[in-house]
Every structure is written in C-alpha cells, then in structure tokens.
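Please open the model in your viewer and keep the selection box at hand. We will move from one selection to the next, pausing at each to look around.

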Amino acid sequence: MSQISIFDSAKNDNQPLAARMRPRNFDEFVGQQHLVGEGKVLRNLIERDSVSSMIFWGPPGVGKTTLAQIIAAKTDAQFITFSAVTSGIKDIKTVMQQADKMTAIGARTIVFVDEIHRFNKAQQDAFLPFVEKGSIILIGATTENPSFEVNGALLSRCKVFVLHQLSPEDIAQLIRNAINDPRGFGDQDLRITDDVINALASFANGDARTALSTLEMMVLNADHSRDPKDGHEVITVTTEDFEQCTSRKSLLYDKQGEEHYNLISALHKSMRNSDADAAVYWLARMLESGEDPMYIARRVTRFAAEDVGLADPRALELSVAAFQACHLIGMPECSVHLTEAVIYNALAPKSNAMDVAYMQAARDANEHIAEPVPLQIRNAPTKLMKELDYGKGYVYAHDTEDKIADMECLPDNLRGREYYHPGDQGFEPRFRERYEAIKKWREEHKKKGK
C-alpha cells in the first residue's frame, strides 16, 4: 500500500531543523527561479492544479521533495507517496488499481515517488500502464540522470524539470530564514556573524539539507549563556563552532573575490608547468574551500584545449568526461575525477597552438569584419543565387584523387594567412607533417595552374 506521507502536517518540534523549515509555499521557496519564478511554467502548472506526469532531476537538497509538498498542498487530487526503498510491485499494483477506480468517478490521483532511480525496471514498469491511460499523474524525484535510470517508455510520458544546485546566496538566505523563523530559531536569541553564515553557505555546496543540518549542530554545540541584564538565554555561534562541526579549518574564501582568482590561477599555471603535485594541491584547496566543482571542471576543460591542444587530443576527451562526472554525481565523489583530469593535463605534452591560432584569426576577423565570403564556397539554394555565381567553381574534395581541392577558402584580402603553427610536443609533429604536406600540395597546384 501507499507509504505514510512525508507531508503529514502535524507539528513535531523533535523533527530535524531541515524538516521543520521545509518551505510550505512559493513565498518561502528559495532557488530554482527558472522553474518557479513568477510566470514560469512549473509554477503556473502547480498554481493552476494542472500538473502532468513529471520528473524532478537535480542534486540533493535543492527542492525536489519540497516542490512535491507544495503540489500536495495545492492539489484537489488524492496525493500518494511511495518509498523506493520499501515499496514492492504488489504495493504499487494495489494502489494503481485503487487509482483506476477513483478515475471512474472523476477523481485524480497524483503519485509521488522519491528517489525513483532506486526502483528497478519491473517496479517502474508497474506504473507505466496507469500513466499511459491517465489513471495516475506520476511525479518522480531523482538525483541521477533520468535518461539512464528511468524506464524509457515511462520517461517519454513525463516532462523532465532540471533543478540546479543552489547558489551560496540561496543557501545563506535559507540559513537566515531558519535563524529568524519560529519553526527554526526565531524564538531564541541566536547570534551568528555574516562571516560564519557565508562560510556555512559555501561549505554546504548547494545542498540546503546539509546547510540546515550543520546549522542545527552548530547551535547545539555553541555557547549557551545568560544575558546579564535580563537573564534570558543567548546562543553565540562562532567560527570555532563551524570548524568543529565541519571538521575543517576556515579555508573558505569569497568566490567572487581575489583569492578565488588567485587559486584558479595557481591551478592553471601549475598544470601548464607540468607540476602534477602542485596542481593537485591547488585543486584540493579549491574543493575543500567549497568551490563549485563545475567551475573547476570548466576551467580544466578549457586548459585541455588552450595549453595541451593537439599535442595530446586525449586530454580534452578526459577533461570533458570529468566535467560530465561532476555534473552527474557532484561532490564529494567527483573529486577523484577532477584529480584524474588535472594530473593528466599536468603531465601531458603542451602546445598553445590552438589558442594562438584563434587569437590571430579573431584579430583578423575583427579588423576585416566586412570581408565577403568567396563566391565558390557560398551556398546557392535558389536560382537567383546561382545566376549570381554563388557556388561557382566549388570543388567537392571527396571527388578528387587526393581529397583536397585547389580552391581558395579565405577572403581575397587574407589570402596566404596562416594561423595554425604546430609545435613539436606529443602528437603535434604528426599534425605539422600533415599540415605541411597540404601546404606543399597547394603550392604545387598553384604553380601548375599558372
């Protein structure tokens, strides 16, 4: 049968802070404004009580279950929750049959499945016929990519809404809400500095549950004293409380400030200097300071093309794979993927030929911005364009013996420009050999043409 709802509204002061502070409506909801901001599609569907089957996909602690709670509060439909851990196929089928009967009398049933990725294929298949014929509206929540973890037939009948990691500003707002709200510490004299709030917001790494659970621990661990004036209890949370409860020193830094850029510069330059040990250290400094792993992954991916390039094309592949791993599984698991990418890039042969080629081409593109595309490589989809010689003289390289056409592809004013200058590291000598062979072929055929 259906599980005891996680949305039972009876007040329980013994609940964890994260449960007590769960937003009850959109006014209290923080983050995901691309979905639930004024006029956004998901908010409109929920407020109109016209939701269809959907999947909420996002990292832990970003509001997936909270959105289901808001739907439960607003809908006129029967709302049933399932646990992917304790529900079997028999339980699912029993509830589905009941939902079928409710449909016959015009009643709707919404079924919420938390951690739907934990359901096996057979369990997911049990929902499918009832979703297909409209007996239920299925809402699933998952931290895993639904493309891989949700039955394809079931997924095709659901709209996927992607929830983003909460920003440090979002987390800080949630912490302040908990400090001021009577459901949290609003009835107590809790004193905590902005620096500690911001440190906790960074530590939480986008997870509201982690932030509120850690705040609760810090308050319990804090100094509880009496105000000498009126004797009321004062709770003072300090940096030391933060360090004790998180088992770390305050390595955290302003992610928009100077130290942020100093550390990413140190990582980049250590990899460029082929210093794997230093690179791993700076990576660890950033991650342990609460830096967004996706930011680091983007920078490492850029490095793979900017500083390694064709000297080792595998560097870009591995860096993109690490980027995807960060996106799919997040911290702390993705630290090892970033370490692999950082060490590989540090040890790879280096070439900045890609960056140099683009910068030189970009300069010409800006200085010669009005240069017309040569007629021979223009597209000619209409009769008029053909009459104007668009495409005239174009040679399809695949039809030639050497798979190269003796045809100019640069604008007239830039003929002979060379942007790519291969280096002598790693694989790049092979590319240089091919590049020089093509240039020689073109020169010989130009002479013949004369």
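The tour begins with the whole chain and then visits its sheets, one helix, some loops and the cysteines.

**The whole chain**

Before selecting anything, bear in mind that this is a predicted model. With the entire chain in view, you are looking at 20 helices and 8 strands. The radius of gyration is 30 Å, well over the 22 Å that the globule rule gives for 450 residues, so the chain is more spread out than a compact globule. If you turn the C-alpha trace along its principal axes, you will find that it spans about 95 × 65 × 40 Å. Of the 450 residues, 43% count as buried.

**The sheet of five strands**

Next, colour the strands β1 to β5, which form an open sheet with parallel pairing, and follow them across in the order β2-β3-β4-β1-β5. At the edges stand β2 (78–83) and β5 (159–162), and because each has a single partner strand, one side of each is left without a neighbour in the sheet. As you look across the sheet, neighbouring strands are turned against each other by 20 degrees on average, direction ignored.

Select residues 54–57, which make up strand β1, and show their side chains: Met54 and Phe56 point one way, Ile55 and Trp57 point the other way, and all are buried. On one hand β1 pairs with β4 (residues 137–142) in the parallel sense over 4 bridges, and on the other hand 4 bridges join β1 to β5, again running parallel. Which residues stand opposite phenylalanine 56 in these two strands? In β4 the residue opposite phenylalanine 56 is alanine 141, while in β5 its bridge partner is phenylalanine 161.

Now move to the β2 edge, where 6 bridges join β2 to the parallel strand β3 (residues 109–114). Isoleucine 80 is a good residue to click on here, since its bridge partner in β3 is valine 111. While you have β3 selected, find aspartate 114 in that strand, which is partly exposed with a relative accessible area of 26%. If you draw a distance from its C-alpha atom to that of histidine 232, which is 118 residues away along the chain, you should read 42 Å.

**The sheet of three strands**

The next selection is an open sheet of 3 strands in the order β6-β8-β7, and here the pairing is mixed. Its edges are β6 (189–192) and β7 (223–226), each with a single partner strand, so one side of each has no neighbour in the sheet. From one strand to the next, the twist averages 25 degrees. Zoom in on β6 and β8 (residues 233–237), which run parallel and are joined by 4 bridges; within this pair, aspartate 189 stands opposite valine 234 in β8.

**Helix α11**

Select residues 208–221 to see helix α11, whose 14 residues reach 20 Å from the first C-alpha to the last, close to the 20 Å expected at 1.5 Å a residue. Add aspartate 207 to the selection, because this residue caps the N-terminal end of α11, with a side-chain oxygen lying 2.9 Å from the backbone nitrogen of arginine 209. The buried residues of α11 include Ala208, Ala211, Leu212, Leu215 and Val219. An α-helix has 3.6 residues a turn, so residues three or four places apart point the same way.

**Loops with unusual backbone angles**

Go on to proline 332, in the loop between α16 (314–329) and α17 (335–347), where the peptide bond from methionine 331 to proline 332 is cis, with omega near 5 degrees. Then select the loop between α19 (383–387) and α20 (428–449), which holds aspartate 389 and also lysine 403. Aspartate 389 has a positive phi of about 70 degrees although it is not a glycine, and at 32% relative accessibility it counts as partly exposed. The phi of lysine 403 is likewise positive, near 60 degrees.

**The cysteines**

For the last stop, how many disulfides does the structure hold? There are 0. Select cysteine 326 and cysteine 334 to see why: the sulfur of cysteine 326 is 3.6 Å from the sulfur of cysteine 334, its closest cysteine sulfur, which is too far for a bond. Cysteine 326 counts as buried at 3% relative accessibility, whereas cysteine 409 counts as partly exposed at 45%.

Notes. Residues numbered from 1 in each chain as written. Predicted model: local features only at pLDDT ≥ 70, side-chain atom pairs only at ≥ 80, totals over all residues. Heavy atoms only, no water. Expected span 1.5 Å × (residues − 1). Buried < 20%, exposed > 50% of the residue type's maximum accessible area, 1.4 Å probe, protein only. Polar contact = N/O pair within 3.5 Å; in protein donor to acceptor, adjacent residues only side chain to side chain. Pairing = 2+ DSSP bridges. Axes fitted to C-alpha atoms, helices over the stretch in contact; angles between N-to-C directions. Disulfide = S-S within 2.5 Å. Rg over C-alpha atoms; globule rule 2.2 N^0.38 Å.
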